[in-house]
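Morning, everyone. I have one structure to show you today. Here it comes.

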Amino acid sequence: MSTSPQYTLKSQDVYKFTLQTLAALPLDMPGVIHPQDLMRVLVFAAASRTSVHQACEQLERAPSGPTVLRTLAQQLSDLDELEAHVNAMLARLVPKGLGKRGCRIALDLTALPYHGPVDEAHQDEVCRSKAKSGTTHFFTYATAYAIVRGRRYTLALYRVRAKQSMDHVLRTLLERWVTLGIRIKLVLLDRGFYSVRVIRDLITAELPFIMPAVKRGKKPTMPGGPTGTYALAAEKQGRWTSYTLSNAQDGSVDFALAVVCHNTQGKRGRHQREALLYATWGVSHRSLNWVRTPYRGRFGIETSYRQLHRARIRTSSRHPALRLLFVAIALILRNVWVWLHAEVMAQPRRGALKLRPELLRLDRLLIWLVMEIAKHYRLLRNVPAYRDLHERALTFGIIFNY
């Protein structure tokens, strides 16, 4: 088999593929804005990391920003329907054979600030949390990623409502995994899921999992301390131990706790022996070093979130549907990028495909989208001014030669 590429991936083809993929969004508004015009504005805003207003101002012959936002707000009245469409689109970009052998699933939460008083109509959509970015109110989204040989596919998106428990979020995402037919080998969770209900549900479903254990009890600096998981975190020798997590309302649950010790080696400016605590089930037959290794792979989900924000439309809107739509577009653009690498650009070879991420970074794909949309609308190339640039440049000794 020849190892040299036989085809060429062009920016215009990527642009058309992206627009065709996003065409499944419920944005058909006859007589107001042509769906393709609307989609081009949204993709341009996402790829250039600007707001819808700024995108419309930079593109000649594009619809106005207020018209676009008003039309979107009127069209996207059913949040459940929008969320269902988004999950169906994410599923389309997941390879068919992804779940045959089983894969590792990573769960995490991302919170977008909600500034200002919470409108009565938004009470159920806005979650309260610790103060961050000048607010204690957030639009919160849970995402599930499949980790397969260096590729991370977004499998599902779920908008977390106010006062919803994490076990409800977990069960909803589990139902979507079943729909996709994906066999799960291991679940990697953020410490935000550390609770009696979540751990009990995972054990009942017989899903092996790893998540950081939250430190509780008396700290070492307190009289009589350390106690609880703080005492385990103070140990210098790694070991497996059984642990019972209790809650007055939810009862208790038993699981295997891995105490994984390692030397910090100057990382984060620290030179000491450190103990990491992991709540686990179904993996206690593994070595302690093995437990830490797959969980470190989960940190790739943080990279995925950074990539999400690099392709997310900027907005100060407090409209839940607009926020959900803008997050969805960013996730779909990222899934398109991952799909292109796995299905089009990867080099075939025995055993597994060889990915070539250096050929098409996410930033390059976003630049391609901006270029192609600019060809259609033309970027605004002049603005009003009160003085002539040529005359003012002469005062600096600069002469324009065309």
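I'll start with the whole protein, then go to one helix, then to the surface charge.

First, a caution: this is a predicted model.

Now the overall picture. The protein has 402 residues, and 46% of them count as buried. There are 13 helices and nine strands. The C-alpha trace spans about 75 × 65 × 55 Å along its principal axes. Take the contacts with a separation of 6 or more: 64% of those join residues 24 or more positions apart. The accessible surface comes to about 21600 Å². Carbon and sulfur atoms hold 50% of that surface.

Next, helix 7, residues 196–204. Which of its residues are buried? They are V196, V198, I199 and L202. What do they pack against? One helix and four strands: helix 6 (166–180), strand 5 (184–189), strand 6 (209–212), strand 7 (239–247) and strand 8 (251–263). After helix 7 comes E206, and its phi is positive, near 55°.

Last, charge. The protein carries 59 positive and 30 negative charges. Their mean positions lie 10 Å apart. Some of the positive charge gathers in a surface patch, made up of R101, R104, R149, R183, K185 and R286.

Look at R104 in that patch. R104 sits in strand 1, residues 103–113. Is R104 buried or partly exposed? Partly exposed, because its relative accessible area is 32%. Patch membership requires over 30%, so R104 at 32% meets that cut-off.

That's the tour: the whole protein, a helix and a charged patch. Over to you for discussion.

Notes
Residues are numbered from 1 along each chain as its sequence is written. This is a predicted model: local features need pLDDT of at least 70, side-chain atom pairs count only at pLDDT 80 or more; totals for chains, interfaces and linings use all residues. Side-chain values use heavy atoms; hydrogens and water are left out. Patches are made of residues with over 30% relative accessible area and no salt bridge: like charges are joined within 9 Å, nonpolar side chains (Val, Leu, Ile, Met, Phe, Trp, Tyr) within 5 Å. Accessible areas come from the Shrake-Rupley method with a 1.4 Å probe; for residues, only the protein chains shown count as cover. A salt bridge is a side-chain nitrogen of Lys or Arg within 4 Å of a carboxyl oxygen of Asp or Glu. Lys and Arg count as positive and Asp and Glu as negative; His and the chain ends are not counted. The place of a charge is taken as NZ of Lys, CZ of Arg, CG of Asp or CD of Glu. Helices (H or I, at least four residues) and strands (E, at least two) are DSSP runs, numbered from the N terminus. Buried means under 20% relative accessible area, exposed over 50%, partly exposed in between (1.4 Å probe, protein chains only). Contact means heavy atoms within 4.5 Å.
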